[in-house]
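User: I'm new to this one and would like a quick tour. Could you walk me through it?

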Amino acid sequence: KVPYTEIDWVAYMQEVEGYLSGERDYTYLKGQTGPLVYPAGFVYVFAALRRITGGEIATGQVIFIGLYLLNLALVLAVY
């Protein structure tokens with residue numbers, strides 16, 4: 001069995017929580033791994049994921065599986 005890893009999901013949710021609370025100054029957007037260093041597009045995408053999943057990692061994993069399979073299907077169709 002492969003051990004479970006959350007790969008910074010908690011930190012990402014902490015970072016976007018500040019944005020969703022109204023904070024727009026990057027110096028105040030932080031998570032357990034440190035300050036937010038990603039561009040605004042990251043914040044928008046993960047803020048949407050936060051709203052959709054409620055911060056639950058299992059739901060986020062299902063969404064990412066779907067995106068992966070969609071990407072794989074598109075690559076195979078082009079190839």
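Analyst: Sure! Starting at the N terminus, the elements run α-β-β-α-α. Helices (H or I, at least four residues) and strands (E, at least two) are DSSP runs, numbered from the N terminus. This is a predicted model, where local features need pLDDT of at least 70 and side-chain atom pairs count only at pLDDT 80 or more, while totals for chains, interfaces and linings use all residues. Residues are numbered from 1 along each chain as its sequence is written, and side-chain values use heavy atoms, leaving out hydrogens and water.

User: Which elements give two or more residues to the largest nonpolar core?

Analyst: A nonpolar core is a set of buried Ala, Val, Leu, Ile, Met, Phe, Trp, Tyr and Cys residues joined through side-chain atoms within 4.5 Å. Buried means under 20% relative accessible area, exposed over 50%, partly exposed in between (1.4 Å probe, protein chains only). The largest such core has 13 residues, with Trp9 and Phe46 among those with the most contacts inside it. The elements giving two or more residues to this core are H1 and helix H2 (40–53).

User: Which residues does Val43 touch, leaving out those up to four places away in sequence?

Analyst: Contact means heavy atoms within 4.5 Å. Val43 is also one of the core residues with the most contacts inside the core. Its partners are Val16, Tyr19, Tyr26 and Leu36, not counting residues up to four places away in sequence.

User: What share of the chain's residues count as buried?

Analyst: The chain has 79 residues in total. Of these, the share that counts as buried is 24%.
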